[in-house]
2 protein chains.
Amino acid sequence: MTEPVAARPCAADVLARTRDLLDPALRRAVGTLPPSMRRVAGYHFGWWDARGRPIGGASGTGGGGKALRPAFTLLAAEGAGGETTAALPAAVAVELVHNFSLIHDDVMDGDRVRRHRPTAWAVFGRAQAILAGDSLLALAFAVLATGTDSGPDGRTDNRPDGVPVLAGRVQSLLDGQSADLDFEERAEVGLGECVRMAEGKTAALFGCACALGASYGGATPSQSVLLEAFGERVGLAFQIVDDLLGIWGDPAATGKPVHSDLRNRKKSLPVVAALASGTPPAGAALAALYRRPLAEPELARAARLVEEAGGRAWSLARVDGLLDEALESLRAAGLTPEATAGLEALARLAADRDR
Amino acid sequence: MTEPVAARPCAADVLARTRDLLDPALRRAVGTLPPSMRRVAGYHFGWWDARGRPIGGASGTGGGGKALRPAFTLLAAEGAGGETTAALPAAVAVELVHNFSLIHDDVMDGDRVRRHRPTAWAVFGRAQAILAGDSLLALAFAVLATGTDSGPDGRTDNRPDGVPVLAGRVQSLLDGQSADLDFEERAEVGLGECVRMAEGKTAALFGCACALGASYGGATPSQSVLLEAFGERVGLAFQIVDDLLGIWGDPAATGKPVHSDLRNRKKSLPVVAALASGTPPAGAALAALYRRPLAEPELARAARLVEEAGGRAWSLARVDGLLDEALESLRAAGLTPEATAGLEALARLAADRDR
């Protein structure tokens with residue numbers, strides 16, 4: 001006799017549904033921008049090409065990424081018993097902040113390809129991309145303060161004020177990105193500070209996505225706290241998976257060159273875990289290799305050394321541990337069963353454990 | 001017999017008083033940032049050097065500029081009958097937005113000197129300067145939403161919500177900067193679109209500074225509208241004066257190299273007015289000169305041609321006209337006589353007509 005398996009919703013279905021809710025609101029918000037800013041923003045989101053001609057695309061798999069963070073926001077609101085639409089401004093704001101950070105990141109890193117297309121700065125120049133990123137950041141706060149667009153004054157209801165919460169997580173994100181850039185210049189980076197960097201760079205916004213959704217959905221303060229903890233752990237797991245893809249990811253799937261993080265000598269978590277592992281031959285060889293820019297044939301060797309020094313195993317184990325902790329917080333929050341199941345599916349997707 | 005002259009307050013005294021109100025609140029707000037962001041921000045404000053060592057400076061003449069915009073905010077609040085401190089968060093937010101835009105501007109223009117010191121990016125690198133600018137922008141919204149710092153949730157009183165207003169003016173500012181950069185690449189720029197660019201780049205934030213101050217001070221909607229119009233005209237006059245200084249300014253006073261805007265072939269207002277003047281010999285010679293990068297000896301000739309083609313005269317007349325219009329709106333707003341006199345003094349200072 002086999003144990004009956006509880007039906008778990010498919011993450012792709014959850015994302016398709018939340019994306020359908022998000023997209024019109026996101027387009028409406030971006031539609032309020034001056035044409036100069038809208039032009040670059042819509043290109044970045046994959047809505048039109050460099051000359052403004054619309055790009056078709058199947059719903060949910062468009063050029064604008066998976067829109068994972070706002071899906072967490074919308075499900076958290078539903079799970080707290082609120083209307084999904086109550087959290088729509090928060091979901092839009094979180095997605096705008098994420099995309100602001102991508103546009104500026106690409107300028108800072110000099111990355112020319114994202115989502116299989118030239119990055120915004122590669123098309124419009126660095127200055128216009130910096131301005132467009134600034135524009136999305138300001139728009140996020142306007143959307144959160146007014147509802148779905150950056151219109152005239154005045155709040156229309158007594159929703160919680162998410163502006164200071166979002167602003168605080170944006171500071172964490174910037175602090176994490178600053179540390180990430182600093183680490184590239186430094187010879188030694190500890191595993192603890194590398195984890196803290198990833199918590200700022202990625203986990204804070206995932207936590208914020210969940211906490212804002214919960215509070216816009218009418219959650220109790222302790223539910224919001226538990227959902228923020230859930231989101232932060234999912235976000236850190238997501239960053240570790242992203243770091244693994246930055247070394248071993250298939251360019252056809254990631255949209256980035258193979259070994260991209262090794263080319264930039266990023267101190268990503270698998271690399272720092274390997275360097276900090278104390279595994280003498282591989283760890284020392286990796287440290288020696290990482291001291292200067294890597295030539296093309298050395299990239300595969302560096303990847304092998306990260307694996308031999310235990311960087312990959314550490315990462316995979318940490319992802320599993322984080323996912324367990326996240327799901328424990330999620331269950332403790334006591335949301336509706338449907339939302340809990342949907343959030344679990346999203347968490348497994350983010351942690352690359354949805355198979 | 002001479003006509004008795006009404007005592008007009010000295011703009012420097014007005015600025016010294018508002019700066020004393022602003023500075024502690026501004027430092028408190030920046031003090032809430034992560035150390036990585038605070039380090040660059042405080043350097044930019046002239047509070048410490050590149051290694052974090054405090055810099056002394058007489059109050060009101062410190063390295064952080066004149067803090068002109070927040071002075072308008074605080075006086076507008078007083079003039080509307082409110083407490084000066086009621087508008088302090090708005091004043092801090094306006095000054096943060098201004099400084100965010102300066103930091104990103106210097107990155108985009110590649111300018112290495114501001115306020116007689118190396119710019120933030122020249123000291124900390126472009127990426128850290130981009131992040132620090134982002135940080136000040138997010139902080140501005142947090143301050144406006146919560147009071148004087150970016151602390152935890154919740155508004156403490158029922159002040160008007162300035163977040164959407166400020167966000168809208170930030171979009172105008174970005175749109176203006178985008179046009180400014182575009183103009184550098186274009187052969188032909190009309191005077192009308194050049195004025196609209198300056199209205200976005202500079203006038204919008206001056207207008208916002210006045211309107212937010214008024215509404216935080218309890219002004220009626222029509223008073224806020226009149227004060228926004230006042231601020232926008234003052235701001236446009238300020239930009240024209242700044243453009244004149246970009247050509248004829250004394251480097252010892254401006255903190256920038258002589259002829260700096262001509263070196264970059266900026267399509268500033270005096271230049272575009274000269275090109276559009278239809279004054280055949282000088283205008284045509286200037287157009288020919290502006291077609292390619294200018295060599296050192298050509299800069300003085302370009303400045304002379306701008307003058308001969310009437311660019312300087314147009315600018316000076318426009319400043320006078322804008323100041324008259326601004327003062328008309330100011331008087332119509334019916335603020336307290338003290339605040340009206342103070343705002344007039346600030347307007348004359350901004351328009352370089354305070355002698």
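Contact in these legends means heavy atoms within 4.5 Å. The views show a predicted model, in which local features need pLDDT of at least 70 and side-chain atom pairs count only at pLDDT 80 or more, while totals for chains, interfaces and linings use all residues. Residues are numbered from 1 along each chain as its sequence is written, chains are lettered from A and ligands numbered from 1 in the order in which they are written, and side-chain values use heavy atoms, with hydrogens and water left out.

**View 1. Surroundings of Ala87(A) in the loop between α3 and α4 of chain A.** Helices here are DSSP runs of H or I with at least four residues, strands are runs of E with at least two, and both are numbered from the N terminus. Ala87(A) has 0% relative accessibility and counts as buried. The classes are buried for under 20% relative accessible area, exposed for over 50%, and partly exposed in between, with a 1.4 Å probe and protein chains only. Apart from neighbours within four places in sequence, Ala87(A) is in contact with Thr73(A), Leu74(A), Ala77(A), Gly213(A) and Tyr216(A). Ala67(A) is 20 residues from Ala87(A) in sequence, and their C-alpha atoms are 15 Å apart.

**View 2. The two chains and the axis that relates them.** A turn of 180 degrees with a shift of 0.0 Å along the axis lays chain A on chain B, with an RMSD of 0.0 Å. This is the relation of a two-fold axis. The same surface serves both copies, as 100% of the contact residues of chain A recur in chain B. The superposition is by least squares on the C-alpha atoms of residues with pLDDT of at least 70 in both copies.

**View 3. The interface of chain A and chain B, seen from the side of chain A.** In this interface 38 residues of chain A are in contact with 38 residues of chain B. The area buried between the chains is about 3,200 Å², and carbon and sulfur atoms give 68% of it. Buried area is the accessible area (1.4 Å probe) that two parts lose on being put together, summed over both. In chain A, the residues that lose the most area to chain B are Leu131(A), Pro164(A) and Gln171(A), together 17% of what that side buries. Two or more residues each come from α2 (35–44), α4 (88–109), α6 (126–146) and α7 (163–185) of chain A. Of these elements, α6(A) gives the most, with 13 residues. The residues on this side divide into 23 nonpolar, 9 polar and 6 charged. Here Ala, Val, Leu, Ile, Met, Phe, Trp, Tyr, Cys and Pro count as nonpolar, Asp, Glu, Lys and Arg as charged, and the others, Gly among them, as polar.

**View 4. Polar pairs across the interface of chain A and chain B.** The rule finds 8 residue pairs in polar contact across the interface, both residues at pLDDT 80 or more. A polar contact is a pair of N or O atoms within 3.5 Å; within protein, one must be able to donate a hydrogen and the other to accept it, and residues adjacent in sequence count only if both atoms are side-chain atoms. Across the same interface the rule finds 0 salt bridges. A salt bridge is a side-chain nitrogen of Lys or Arg within 4 Å of a carboxyl oxygen of Asp or Glu.

**View 5. The salt bridge of Arg17(A) and Glu78(A).** The closest N and O atoms of this pair are 3.0 Å apart. Arg17(A) lies in helix α1 (residues 11–31) and Glu78(A) in helix α3 (residues 68–79) of chain A, so the pair ties together parts that are 61 residues apart in sequence. Arg17(A) is partly exposed, with a relative accessible area of 39%, whereas Glu78(A), at 19%, counts as buried.

**View 6. The salt bridge of Arg233(A) and Glu325(A).** The N to O distance is 3.1 Å. The pair links distant parts of the chain, with Arg233(A) in helix α9 (residues 221–248) and Glu325(A) in helix α15 (residues 311–333) of chain A, 92 residues apart. Arg233(A) is partly exposed at 27% relative accessibility, and Glu325(A) is partly exposed at 34%.

**View 7. Ser329(B) in helix α15 (residues 311–333) of chain B.** Ser329(B) is buried, with a relative accessible area of 10%. Not counting residues up to four places away in sequence, Ser329(B) touches Leu226(B), Ala229(B) and Phe230(B).
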